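Got your viewer open? Let's take a walk through this one together, stop by stop.

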Amino acid sequence: MLVVTTNGISGRKLQELGVAKGTTVQSVHFGKDLMSGFKTLVGGELTSYNEMMDNARGIATQRMEADAAGMGADAVVGVRYASSSVTQGAAEVMCYGTAVKFVE
């Protein structure tokens, strides 16, 4: 399935089907969360959180694509991501966009 951040697809006429979305809530292992807490004392990149967020974005995107496929979509346009903290060490990631069908 074609997934783009633009609001259209060059050279294609589109029929809007509705909002497609996918969400997930992810957390890091307690040990990694503890080590990241220590890392904040000295500064630097929190790689365990980067990995968690990359994984969460991938899952949310797959779920959005499945939601769009359920509507009969050929593509999703205007894709955006949002995230929020649920609790310490856990975050929700949402991926959403407009499911569209190609019109001949």
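How many helices and strands does the secondary structure of the protein chain come to? Colour by secondary structure and you can tick them off: two helices and four strands. One thing to keep in mind as you look around is that this is a predicted model. Follow the chain along its sequence and the pattern reads β-β-α-α-β-β.

**Stop 1: the whole chain**

Switch on the surface. The protein chain exposes about 6,400 Å², and carbon and sulfur atoms supply 52% of that. Of the 104 residues in the chain, buried ones make up 32%. Now think about who touches whom: among contacts between residues at least 6 apart in sequence, 75% join residues at least 24 apart.

**Stop 2: the sheet**

Hide the helices for a moment and select the strands. In what order do the four strands of the open sheet lie? Reading across, you get β1-β3-β4-β2, and the pairing is mixed. The edge strands are β1 and β2, each of which pairs on one side only.

Start at the β1 edge. Strand β1 covers residues 2-3 and pairs with β3 in the parallel sense, over two bridges. Click on Leu-2 and you'll find its bridge partner in β3, Ala-75.

Step across to the next pair. β3 and β4 run antiparallel to each other, with ten bridges between them. Pick Ser-83 here and look for Val-93 of β4 standing opposite.

Last comes the β4 and β2 pair. These strands are antiparallel too, joined by 14 bridges. Select Lys-21 to see one of the matches: its bridge partner in β4 is Tyr-96.

While you have side chains showing on the strands, here's a handy rule for reading them. In a regular strand, side chains alternate between the two faces of the sheet.

**Stop 3: Glu-16**

Stay on β2, residues 13-27, and select Glu-16. Is Glu-16 buried or exposed? It's exposed, because its relative accessible area is 64%, and the cut-off for that label is over 50%. Leaving out residues up to four places away in sequence, Glu-16 touches Thr-98, Ala-99 and Val-100. Try a distance label as well: from C-alpha to C-alpha, Glu-16 and Ala-73 are 8.7 Å apart in space, although 57 residues separate them in sequence.

**Stop 4: the nonpolar cores**

Bring the helices back. The largest nonpolar core has 15 residues, and Met-64 and Ala-68 are the ones with the most contacts inside it. Which elements give two or more residues to this core? They are α2, β3 and β4. The largest share is from α2, with seven residues.

Zoom in on Met-64 and show its surroundings. Neighbours within four places in sequence aside, Met-64 is in contact with nine residues you can select in one go: Val-3, Ala-20, Lys-21, Gly-22, Val-76, Val-79, Cys-95, Tyr-96 and Gly-97. Another core lies apart from the largest one; it has five residues, among them Val-4, Ile-9, Ala-75 and Val-77.

**Stop 5: along α2**

Still on helix α2, select Thr-61. Thr-61 counts as buried because its relative accessibility is 15%, and buried means under 20%. Setting aside residues up to four places away in sequence, Thr-61 touches Tyr-81 and Cys-95. Look too at the polar atom of the Thr-61 side chain, which sits 2.8 Å from the backbone oxygen of Arg-57.

**Stop 6: the salt bridges**

Arg-57 leads straight to the last stop. Side chains of opposite charge can pair when their charged atoms come close. The structure holds two salt bridges.

In one of them, the Arg-57 side chain meets that of Asp-54, at 2.5 Å from N to O. Why are these two about one helical turn apart? Because they are three residues apart in helix α2, which spans residues 47-70. Arg-57 is partly exposed, at 31% relative accessible area.

For the other, select Asp-74 and Lys-101, whose closest N and O atoms are 3.9 Å apart. Asp-74 lies in the loop between α2 and β3 (75-87), while Lys-101 lies in strand β4 (residues 90-103), so this pair ties together parts 27 residues apart in sequence. Both partners are partly exposed: Asp-74 has a relative accessible area of 27%, and Lys-101 has one of 34%.

Technical notes. Residues are numbered from 1 along each chain as its sequence is written. This is a predicted model: local features need pLDDT of at least 70, side-chain atom pairs count only at pLDDT 80 or more; totals for chains, interfaces and linings use all residues. Side-chain values use heavy atoms; hydrogens and water are left out. A salt bridge is a side-chain nitrogen of Lys or Arg within 4 Å of a carboxyl oxygen of Asp or Glu. Buried means under 20% relative accessible area, exposed over 50%, partly exposed in between (1.4 Å probe, protein chains only). Contact means heavy atoms within 4.5 Å. Accessible areas come from the Shrake-Rupley method with a 1.4 Å probe; for residues, only the protein chains shown count as cover. A polar contact is a pair of N or O atoms within 3.5 Å; within protein, one must be able to donate a hydrogen and the other to accept it, and residues adjacent in sequence count only if both atoms are side-chain atoms. A nonpolar core is a set of buried Ala, Val, Leu, Ile, Met, Phe, Trp, Tyr and Cys residues joined through side-chain atoms within 4.5 Å. Two strands pair if DSSP finds at least two bridges between them.
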